[in-house]
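Student: Could you walk me through a few backbone and helix-packing details here? I'd like the cut-offs spelled out as we go.

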Amino acid sequence: MRIAVCDDEEIFRADIQKHIDKLYSSLDVVVDSFSGGKNLIAAFETRPYDLVFLDIEMPEMDGITLAKKLRQLDEKTYIVFLTGHVEYALEGYEVNALRYLTKPVQDDKLKEVLRYVADKMASKRQLMIKVDGEEHLLDISDILYLEAQNQYIMIYTADAEYLVRYNLTDYENELKGDGFFRTHRGYLVSLGKVKKLGKNEVIMEGNVTVPVSRSMMTKLKDALYAYVENSAI
């Protein structure tokens, strides 16, 4: 796991480093520290970090602004804010912040974050698909939704579409443990990519609309609540 700590105060950077070394010294964990956002962005452009701890109140560039810039470079990086001011929490939703930790950071809270990220990285699964006779490995976490098209299935990600000869029910069974839900007889969506519920539809990432059968709306809401609860730290 590659971790970055960005804080303008050296004492707090050292404190986080000490806690991580104490908790996970035996794991393959690399921690880089930065005193400001510009150096972090430069390093991030070369190779994104898996987890970034950001101080919110920094003179050169505040943590919220920095987080937005990092999100433009990578959507998957886990961002944790370091702060003593909970009023910043709402702004964190804009950058999909994983959590807020108050200074000084407590061992148990830091351990929860590290364990969560490590588990998520370890559980990253891929789907083997065949397109035009060639086999491809597709990260399941990249899939927005699947749509049945006669004898084929169109798999949609944020960046591409894949047409494969398969059965949607089989995919439903295969992906059930990965947070997918059958909203309609012809659609299977990733609950983690749902941004908004409409009357008879869901709005996915990228403002893509997917229909929801009237009979499935209540079950979808229950599934979303369960997914969010299980995903929370």
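Tutor: Sure, angle words up front: under 35 degrees counts as roughly parallel, over 145 as roughly antiparallel, 65 to 115 as roughly perpendicular and the rest as oblique. This is a predicted model, where local features need pLDDT of at least 70, side-chain atom pairs count only at pLDDT 80 or more, and totals for chains, interfaces and linings use all residues. Residues are numbered from 1 along each chain as its sequence is written, and side-chain values use heavy atoms, with hydrogens and water left out.

Student: Are α2 and α3 roughly parallel or roughly antiparallel?

Tutor: Helices are DSSP runs (H or I, at least four residues), strands too (E, at least two), numbered from the N terminus. The axes, lines fitted to C-alpha atoms over the stretch in contact, with angles from 0 to 180 degrees between N-to-C directions, come within 11 Å for α2 (residues 37–46) and α3 (residues 63–73) and cross at roughly 10°. So the two helices are roughly parallel.

Student: Which residues of α3 make the contact with α2?

Tutor: Contact means heavy atoms within 4.5 Å. From α2 come Gly37, Leu40, Ile41, Phe44 and Glu45. On the α3 side, the residues are Leu66, Lys69, Leu70 and Leu73.

Student: Is asparagine 150 buried or exposed?

Tutor: Asparagine 150 sits in the loop between β8 (143–149) and β9 (152–157), and has a positive phi of about 55° despite not being a glycine. Buried means under 20% relative accessible area, exposed over 50%, partly exposed in between (1.4 Å probe, protein chains only). At 79% relative accessibility, asparagine 150 is therefore exposed.
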